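Colleague: I'd like to learn how to read a structural model the way you do. Could you walk me through one?

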Amino acid sequence: MATLALKIPPPVVALGCAAAMYALAAVTPAYALAPHWTLMASLVLAVIGIGFDLAGLIAFRRQRTTINPLHPEKSSALVCSGIYRITRNPMYVGMALLLLAWAVYLHSPVALLGLAGFIAYITRFQIIPEERVLAQRFGVAFEDYRRRVRRWL
């Protein structure tokens, strides 16, 4: 299974999970909430998710470091400011919030399994390998950062 580490771009994983969530929602019972409330909740969650994604991208661009998640060894700076003071992985948090918005929009509690799958996969095959590389590359600075800031939220 280690062969999956740093191999599939996280947005591709998120899209796969979104497709699985759609399929699950199609074959399982929906919950009954007023459509306008689920639409509003979905939009709010999606906007917050996009905000996390953009804040992470902007912070990386400001530090002039790579945004390519498949090659953390190309990181030229350890980004600890901005949104990175709240979470070590704002772009993954953003994707997770977008998947949560999708589950709410689908009216499907069972679709939340796709979100759980995304979090499990990204943690195991993306975040943990990235952290190993960052620990080697940035040493004590990364260890201090890891102690101060949570992996997710």
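**Reading the model, feature by feature**

Modeller: Happily. Let's start with a charged pair: glutamate 131 and arginine 151 form a salt bridge, with 2.6 Å between the closest N and O atoms. This pair ties together distant parts of the chain, as glutamate 131 sits in helix H4 and arginine 151 in the segment after H4, 20 residues apart. Please keep in mind that this is a predicted model.

Colleague: Noted. Is glutamate 131 buried or exposed?

Modeller: To judge that, look at the relative accessible area; under 20% counts as buried. Glutamate 131 has 5%, so it is buried. Arginine 151, at 26%, is partly exposed.

Colleague: Which other side chain meets glutamate 131 in a salt bridge?

Modeller: That is arginine 88, at 2.5 Å from N to O. Here too the link spans distant parts of the chain: arginine 88 is in the loop between H2 and H3, glutamate 131 is in helix H4, and 43 residues separate them. Arginine 88 has a relative accessible area of 11%, so it is buried.

Colleague: And how far apart along the chain are arginine 146 and glutamate 143?

Modeller: They are three residues apart, about one turn of the helix, and both lie in helix H4. Their side chains form a salt bridge of 2.7 Å, N to O. Arginine 146 is partly exposed at 27% relative accessibility, and glutamate 143 is partly exposed at 27% as well. Through shared partners, salt bridges join Arg88, Glu131, Glu143, Arg146 and Arg151 into one network. The count of salt bridges comes to five.

Colleague: What about a buried acid that has no salt bridge? Which side chain of opposite charge is nearest to glutamate 130?

Modeller: It is arginine 88, but at 8.6 Å. A salt bridge needs a nitrogen and an oxygen within 4 Å, so that pair does not qualify. Glutamate 130, in helix H4, does have a polar partner: its side chain and that of glutamine 126 make a polar contact of 2.8 Å. Beyond its neighbours within four places in sequence, glutamate 130 touches Leu6, Pro69, Pro72, Asn89 and Tyr92.

Colleague: Leu6 is on that list. What is there to read in its backbone?

Modeller: Start from the general habit: most residues other than glycine have a negative phi. Leucine 6 has a positive phi, near 55 degrees. Leucine 6 belongs to the segment before H1, and with a relative accessible area of 18% it is buried. Arginine 64 also has a positive phi, of about 55 degrees, without being a glycine. Arginine 64 lies in the loop between H2 and H3 and is exposed, with a relative accessible area of 74%.

Colleague: Now the interior. How many residues does the largest nonpolar core have?

Modeller: It has 38, and those with the most contacts inside it are Tyr84, Leu99, Phe118, Ile122 and Trp152. Helix H1 (10-27), helix H2 (35-62), H3 and H4 each give two or more residues to this core. Take isoleucine 122 as a case: setting aside neighbours within four places in sequence, its contacts are Pro10, Val13, Tyr92, Ile127 and Trp152.

Colleague: Is leucine 113 buried or exposed?

Modeller: Exposed, at 57% relative accessibility. Leucine 113 is in helix H4, so don't assume from the residue type alone that a leucine is buried: the 57% value puts this one over the 50% cut-off.

Colleague: I'd also like to place a histidine. Where is histidine 107?

Modeller: Look in the loop between helix H3 (90-105) and helix H4 (112-148). Histidine 107 is buried, with 17% relative accessible area. Its side chain makes a polar contact of 3.1 Å with the side chain of threonine 38. Apart from neighbours within four places in sequence, histidine 107 is in contact with Pro29, Ala30, Tyr31, Leu33, Pro35 and Thr38.

Colleague: Last one, on cysteines: how many disulfides are found?

Modeller: Zero, in a search of the whole structure. As for individual cysteines, cysteine 17 is buried at 13% relative accessible area, while cysteine 80 is partly exposed at 23%.

Technical notes:
Residues are numbered from 1 along each chain as its sequence is written. This is a predicted model: local features need pLDDT of at least 70, side-chain atom pairs count only at pLDDT 80 or more; totals for chains, interfaces and linings use all residues. Side-chain values use heavy atoms; hydrogens and water are left out. A disulfide is a pair of cysteine sulfur atoms within 2.5 Å. Buried means under 20% relative accessible area, exposed over 50%, partly exposed in between (1.4 Å probe, protein chains only). Helices (H or I, at least four residues) and strands (E, at least two) are DSSP runs, numbered from the N terminus. A polar contact is a pair of N or O atoms within 3.5 Å; within protein, one must be able to donate a hydrogen and the other to accept it, and residues adjacent in sequence count only if both atoms are side-chain atoms. Contact means heavy atoms within 4.5 Å. Lys and Arg count as positive and Asp and Glu as negative; His and the chain ends are not counted. A nonpolar core is a set of buried Ala, Val, Leu, Ile, Met, Phe, Trp, Tyr and Cys residues joined through side-chain atoms within 4.5 Å.
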